[in-house]
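Subject: The structure I promised you

Hi,

Here is the structure I said I would send over. Have it open while you read, and turn it around as you go.

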Amino acid sequence: MRWILADPQNAAEQQFKQHVLAATERWWQAFQANAANIDQGFRGNFRFDIAKFMEDYWQPIHPGLMWEFGAARTGTGHRLCVTPEAAHWLRPVLQYILSRAPKIPGWEFYGYRLPE
């Protein structure tokens, strides 16, 4: 499915694009609303089902976009790394999703895995 050069006359491409736009907005709203819960879940201070949260809000964008959490690279906090793995055609979609990320204190977002 084309993203950058999606054909406005192609119903499937336009439907995919509209789906991604709406799902991305839902994702960032849910993430922003639950960022503190996720943080507390990582600290062991709060029971929060992060995998279920990601299944409910991240996976609906596209099941080919994989995710992992880790420690923030530039300071205290956490990072979320997302990648299309071998589905390279999803890279522009992922770039769009990350461009919509709100500024959330203590959180960093990456479109690739960081070297360990």
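Below is what turned up in it, starting with the sheet and ending with the core.

One thing to keep in mind: this is a predicted model.

Let's begin with the strands. There are three of them, and they make an open sheet in the order S1-S2-S3, with mixed pairing. At the edges sit S1 (66–71) and S3 (107–110), each of which pairs on one side only. On average, neighbouring strands here are turned by 20° against each other, direction ignored.

Why "mixed"? S1 and S2 pair in the antiparallel sense, over six bridges, whereas S2 (residues 78–83) and S3 run parallel and are joined by four bridges. You can find some of the partners yourself: tryptophan 67 is opposite valine 82 in S2, leucine 80 is opposite phenylalanine 109 in S3, and arginine 79 has glutamate 108 in S3 as its bridge partner. S1 and S2 also form a hairpin, with six residues between them. Look at glycine 75 in that turn, which has a positive phi of about 120°.

Now stay with S2 for a moment. How many of its residues are buried? Six of six, so to speak a full house. In a regular strand, side chains alternate between the two faces of the sheet. In S2, His78, Leu80 and Val82 point one way, while Arg79, Cys81 and Thr83 point the other way, and all are buried.

Next, find helix H1 (residues 11–43). H1 lies across S1, S2 and S3, and runs at about 120° to S3.

That brings us to the core. In soluble globular proteins, nonpolar side chains tend to be buried together. The largest nonpolar core in this model has 27 residues, and those with the most contacts inside it are Trp27, Phe31 and Trp58. Where do the core residues come from? H1, helix H2 (50–57), S2, helix H3 (91–99) and S3 each supply at least two. H1 gives the largest share, nine residues.

If you only click on one residue, make it tryptophan 58. Leaving out neighbours within four places in sequence, tryptophan 58 is in contact with Trp27, Phe53, Leu65, Trp67, Val82, Leu94 and Ile97. Two of those names may ring a bell: Trp67 and Val82 are the pair standing opposite each other in S1 and S2.

Have fun exploring!

Cheers

How values were computed. Residues are numbered from 1 along each chain as its sequence is written. This is a predicted model: local features need pLDDT of at least 70, side-chain atom pairs count only at pLDDT 80 or more; totals for chains, interfaces and linings use all residues. Side-chain values use heavy atoms; hydrogens and water are left out. Two strands pair if DSSP finds at least two bridges between them. Axes are lines fitted to C-alpha atoms, for helices over the stretch in contact, and angles run from 0 to 180 degrees between N-to-C directions. Contact means heavy atoms within 4.5 Å. A nonpolar core is a set of buried Ala, Val, Leu, Ile, Met, Phe, Trp, Tyr and Cys residues joined through side-chain atoms within 4.5 Å. Buried means under 20% relative accessible area, exposed over 50%, partly exposed in between (1.4 Å probe, protein chains only).
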